[in-house]
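Let's take a friendly look at a pocket and at the cysteines in this model. The sequence and structure come just below.

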Amino acid sequence: MLTANEAVARLLSEAEIPCVYRIHEDPPTEKIEDFILFAHNLGFDTSVISREKITTNDLSHLLSEAERKGLSAPISYTLLRSLAKARYSEIRSRHFGLSLDYYCHFTSPIRRLSDLATHRIIHRVLIEGKRPEAYRSYAKRAAVAATDAEVRALGAERRIENLYKTLYMSQFIGDEFDAVVCSITSFGMFAELENTCEGLIPISEMPGLFVYDEGNRTLRAGNVVYRLGDKIRVRLEEADMIRGKLRFALIL
């Protein structure tokens, strides 16, 4: 399937025929730096990972190491959130996740708008002999529509997933869990459980006067410092079904 998608994208690009490409930009620098810090604080060797030009090979090695250490879930989940979102475009660009210079959705287990748009262009231009220029604006409109629809679908999927996670965790209010600090903000830090459920520890409820250091992405109160990737113990205080959010308390 991947080979067919790559071959079609390459053929259309080289023939200067419009196409609805599937593109995936390089990860945002700030997010990938956060991920590297997260992995480093979990005990991974991140010295070989280039912050300027990270490669999929670097990430694959790290994921393999995480699987060997039994930390596959937090590492893969956090990595996924650190990557740029793939999208559709009428302009060809590299697909970072697949390490491909040419890629489109021509064939897949399910039929999508992007596939159908590419099929239509191929049929009209290569089979019916119509001018490629006539379909450039169509490819652009199809790319925008496909991306917008995907964003809406992913948003709905994320909200439903958070709702079900909150519903599941509601039976454990008052229980304690091992967790990992996965995000630090000016209003607190987010902790992730082994089951990928995530909740906020509000800074106002943390013991001590903590100050947020944006440059180092830490929370500090005197000699006590919390960093990305720190292993902590938390207690579930609240499962908000309306907002689909969890609230934890820090256990010292």
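## The second largest pocket

In this predicted model, 14 residues line the second largest pocket, and those nearest its centre are Leu-71, Asp-178, Ala-179, Val-180 and Glu-194. The elements that each give two or more residues to this lining are helix H4 (72-82) together with strands S3 (176-185), S4 (188-193) and S9 (231-240). Which of them gives the most? That is S3, with 4 residues in the lining of the second largest pocket.

If you are thinking about volume and chemistry, here are both. The second largest pocket holds about 270 Å³ of space. Sorted by class, its lining has 8 nonpolar residues, 4 charged ones and 2 polar ones.

## Cysteines and disulfides

How many disulfides does the model have? With a disulfide taken as a pair of cysteine sulfur atoms within 2.5 Å, the count is 0. Cys-182 takes part in no disulfide, and its nearest cysteine sulfur, which belongs to Cys-197, is 11 Å away. Looking from the other side, Cys-197 is in no disulfide either, with the sulfur of Cys-182 as its nearest cysteine sulfur at 11 Å.

Are these cysteines buried or exposed? The cut-off for buried is under 20% relative accessible area. Cys-182 has 8% relative accessibility, so Cys-182 counts as buried. Cys-197 has a relative accessible area of 3%, and therefore Cys-197 is buried too.

Terms used:
Residues are numbered from 1 along each chain as its sequence is written. This is a predicted model: local features need pLDDT of at least 70, side-chain atom pairs count only at pLDDT 80 or more; totals for chains, interfaces and linings use all residues. Side-chain values use heavy atoms; hydrogens and water are left out. Buried means under 20% relative accessible area, exposed over 50%, partly exposed in between (1.4 Å probe, protein chains only). On a 1 Å grid over the protein atoms alone, a cavity is a set of points where a 1.4 Å probe fits but cannot get out, and a pocket is an open set with protein on both sides within 12 Å along at least five of seven lines; lining residues have an atom within 4 Å of a point. Grid points are joined across faces, edges and corners, and a volume is the space filled by probe spheres set on the points. Ala, Val, Leu, Ile, Met, Phe, Trp, Tyr, Cys and Pro count as nonpolar, Asp, Glu, Lys and Arg as charged, and the others, Gly among them, as polar.
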